[in-house]
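Here is a set of exercises to work through with the viewer open. Each one gives a task, and a solution follows step by step.

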Amino acid sequence: MSPSPSPLTTHVLNTALGVPGSNMTLRLYQQQPLTTVWHRITTGTTNGDGRCPGLITQEQFKPGVYKLHFETGQYWASMGQTSFYPYVEIIFTISDPGQRYHVPLLVSRFSYSTYRGS
C-alpha cells in the first residue's frame, strides 16, 4: 500500500531560467500556539521537478500557522551565482486541515513570488 499524499505540497520554479528549482533545501515548521516558537516538522530537498513530496502527514497536519523556509542563497551559489535573498520564508495559516494546500515558490536571483494553489 502506498503512503497517502501530503496534504501540503510545494513546487519551486526558477523563473530566471524557466526550469524547475531542483536540489533546493527547504524546511517546514509549525508555530506553537501558546509560545509562538517554531517547531520543525521536516527538512527536504526539491527533486528534479522542483517538488518536495512527503512534507507532512495528514495526522500531523493541524490548524495553525506554518512556515516554509527555502535556502535560495545556497541554491544560487550551487550554480555559481549570487542572490539578493539568502533565504525565502513563506508563512501561512491553515484553518481547514481537511483541504489540500499547494504553496509554490517562483524565484529568480532578485525576486520571488508565491500564491496558494490547489
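**Exercise 1. A loop residue**

In which loop is the place of asparagine 23? Find its exposure and its backbone angle as well.

*Solution.* A word on the ground rules: this is a predicted model, where local features need pLDDT of at least 70, side-chain atom pairs count only at pLDDT 80 or more, and totals for chains, interfaces and linings use all residues. Residues are numbered from 1 along each chain as its sequence is written, and side-chain values use heavy atoms, with hydrogens and water left out.

- Step 1: Asparagine 23 sits in the loop between strand 3 and strand 4; strands (E, at least two residues) and helices (H or I, at least four) are DSSP runs numbered from the N terminus.
- Step 2: With a relative accessible area of 59%, asparagine 23 is exposed. The cut-offs are over 50% for exposed, under 20% for buried and in between for partly exposed (1.4 Å probe, protein chains only).
- Step 3: Its phi is positive, about 65°, although asparagine 23 is not a glycine. Most residues other than glycine have a negative phi.
- Step 4: Threonine 36, also not a glycine, has a positive phi of about 60°, and lies in the loop between strand 4 and strand 5 (38–45).

**Exercise 2. The overall fold**

Describe the order of the secondary structure and the dimensions of the chain.

*Solution.*

- Step 1: Count the elements: the protein chain has 1 helix and 10 strands.
- Step 2: Along the sequence they follow the pattern β-β-β-β-β-β-α-β-β-β-β. The radius of gyration is 14 Å, close to the 13 Å from the globule rule for 118 residues, so the chain is as compact as a globular protein of that length. This radius is taken over C-alpha atoms, and the rule is 2.2 Å times the number of residues to the power 0.38.
- Step 3: The C-alpha trace spans about 40 × 40 × 20 Å along its principal axes.
- Step 4: Buried residues make up 37% of the 118 residues.

**Exercise 3. The nonpolar core**

Identify the core residues that touch the most other members, and the elements that supply the core.

*Solution.*

- Step 1: The largest nonpolar core has 22 residues, among which Leu8, Leu68, Phe70 and Phe92 touch the most other members. Such a core is a set of buried Ala, Val, Leu, Ile, Met, Phe, Trp, Tyr and Cys residues joined through side-chain atoms within 4.5 Å.
- Step 2: At least two residues of this core come from each of strand 4, strand 6 (64–70), helix 1 (72–77), strand 7 (88–94) and strand 9 (105–107). Strand 7 gives the largest share, 4 residues.
- Step 3: Beyond four places in sequence, the contacts (heavy atoms within 4.5 Å) of leucine 8 include Leu28, Phe92 and Val103.

**Exercise 4. Threonine 25 and glutamate 71**

Is glutamate 71 buried or exposed? Trace its link to threonine 25.

*Solution.*

- Step 1: Glutamate 71 is buried, at 13% relative accessible area, and its place is the loop between strand 6 and helix 1.
- Step 2: Not counting residues up to four places away, glutamate 71 touches Met24, Thr25, Arg27, Pro86 and Tyr87.
- Step 3: Threonine 25 is in strand 4 (residues 25–31) and counts as partly exposed at 25% relative accessibility.
- Step 4: Seen from the other side, the residues that threonine 25 touches include Thr43, Phe70 and Glu71.
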